[in-house]
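The following exercises ask you to work through cysteines and charged side chains, one step at a time. Keep the sequence and the model at hand while you read each solution.

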Amino acid sequence: MAFSFPFFCFTQNLVINPSLEQYSECPNNVSQINYAVSWSAGCDYNTSSEYYNRCTLNDNPLDPFIAYPLNNIKFNTGNGCAGFLTYCTSNAGVTMSEVREVITGKFKTKLALNKCYSASFYIRFLGYYSYCFSNNVNYLNFASNKVGAFITGDSIIYPTAGYTNIYQLHPQINYSGPVLNDTTNWVKIKGDFIAQGNEQFIHIASFVPDDSVTLYMLPNLISQIDSSFILSYYLIDDVAVYPCDAPVYFANAGNDTCVNAGKNITIGPQRRDEYLYWWYDMQGNLLDTTAQIIVSPTQPTSYILVQKDFKFDETRDTVIVTVDNCPLPDYTNIDFEIYPNPCNGIVNVRFNSKVPEGAVLELYDMIGQQVSKYPLTGTENIATVNLGNLATAVYHAAVVVPDGFRKSVKLVVIR
């Protein structure tokens, strides 16, 4: 009989440190994108993109670059993001002219030839705030409309001949719609492409010359503009590159259920790698950030599960737990199998129906002494158990379900 194993521990998003959470040092100045693990300014000139992390915003507010309250930055996910100039031009002899800053991330593995991939990132306009450069002159930030992602095997990209710092490449992902001027919500940019093979870097930038960019400024601020120096600055978060056929799982809080008064119950899905979870009550209070939570309501209560998948798309689901004299489940026809057997420390317990609530796996040695006990959880009919450092031996493996079921089989562990 062929078994289909559940989807565990398999990387979908190929980008290392995709939401810029991990850092080698807490940023304390501008041009420190390289402090974010596996991120850099993938270009060959001196100006560089910024790295923002809550470690700075909470402890040492950074404000040498822009007249903006950085502690008000709201990340799309977690505690980190990047910032960069998508447009900067000058006719006043300022050194920063025709600037296109680049944010470069690395992949965990090279892309496969002729395979379809999706790439996406979230972008947010920082706002119509003033920027202060070394000449101590403030300039307003314009909204613009050109940004894309160039996926390549090269860690550095170079300016097009005839331009100072402009990259007229052909990005696989290219946004050229209306100006991106939403200062509250993050906007997702996404597209599909066929890999040429061996690509291992994603470069996010604006890839067009000045005359191809649409700029926008609030009418009431027009009078404050110094037209000799115009720039556009954005934040980037949650970058993803993944196979087009990667499986996606939506939030599943489980079926509405019942718990006896004074008892507790576990709700929620089995945790998946690269997925993030938040549980809320109906008043919007955060309860937990794990896939499954234990609740013990005293009255009928709704629980809301918010989930972000490996590409940072958000879905949500609600489960209602009622409090009553709940009927005992019928385990008359329940059965299971344990595989692989023999095993090397990882086993699957597959039931002929959904994994029963509260089920556990108890292991006993051959003289009947219990050596370990493991909870069995799963969103479908399979629970996977890591037996830890269990020694090589033959064990009695008992699957126990509260209030009605117990069955044992022999399990061989070989290290």
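**Exercise 1.** Decide whether C343 and C81 are buried or exposed.

*Solution.* Begin with the cut-offs: buried means under 20% relative accessible area, exposed means over 50%, and partly exposed lies in between, with a 1.4 Å probe and protein chains only. C343 has a relative accessibility of 4% and therefore counts as buried. C81, with a relative accessible area of 0%, is buried as well.

Before going further, note that this is a predicted model, in which local features need pLDDT of at least 70 and side-chain atom pairs count only at pLDDT 80 or more, while totals for chains, interfaces and linings use all residues. Residues are numbered from 1 along each chain as its sequence is written, and side-chain values use heavy atoms, with hydrogens and water left out.

**Exercise 2.** Find how many disulfides the model contains, and state the pattern that they follow along the chain.

*Solution.* A disulfide is a covalent bond between the sulfur atoms of two cysteines; here the criterion is a pair of cysteine sulfur atoms within 2.5 Å. By this rule the count comes to 3 disulfides. When the bonded cysteines are counted along the chain, the pattern reads 1-2, 3-4, 5-6.

**Exercise 3.** For each disulfide, work out the sulfur separation, the handedness and the parts of the chain that are linked.

*Solution.* Helices (H or I, at least four residues) and strands (E, at least two) are DSSP runs, numbered from the N terminus.

Step 1. The sulfur atoms of C26 and C55 are 2.1 Å apart, and the link is right-handed, with 110 degrees about the S-S bond. This pair links distant parts of the chain, 29 residues apart, with C26 in the segment before β1 (39–40) and C55 in helix α1 (residues 54–59). C26 is partly exposed at 28%, whereas C55 is buried at 15%.

Step 2. C116 and C244 also have their sulfur atoms 2.1 Å apart, but their link is left-handed, at -65 degrees about the S-S bond. C116 belongs to strand β6 (residues 116–125) and C244 to the loop between β13 (229–243) and β14 (257–259), which places the two 128 residues apart.

Step 3. For C258 and C326 the sulfur separation is 1.8 Å, and the link is left-handed at -85 degrees. Because C258 lies in strand β14 and C326 in the loop between β20 (314–323) and β21 (336–339), the pair ties together parts that are 68 residues apart in sequence.

**Exercise 4.** Determine how many salt bridges a search of the whole structure finds, and describe the pairs of E274 with K108 and of D313 with K188.

*Solution.* A salt bridge is a side-chain nitrogen of Lys or Arg within 4 Å of a carboxyl oxygen of Asp or Glu.

Step 1. The search of the whole structure finds 12 salt bridges.

Step 2. E274 and K108 meet at 3.5 Å, N to O. E274 lies in the loop between β15 (265–267) and β16 (276–280) and K108 in the loop between β5 (103–106) and β6, so the pair ties together parts that are 166 residues apart in sequence. K108 is partly exposed, with a relative accessible area of 41%.

Step 3. In the pair of D313 and K188, the closest N and O atoms are 2.6 Å apart. D313 sits in the loop between β19 (301–308) and β20, and K188 in strand β11 (residues 187–194), at a separation of 125 residues.
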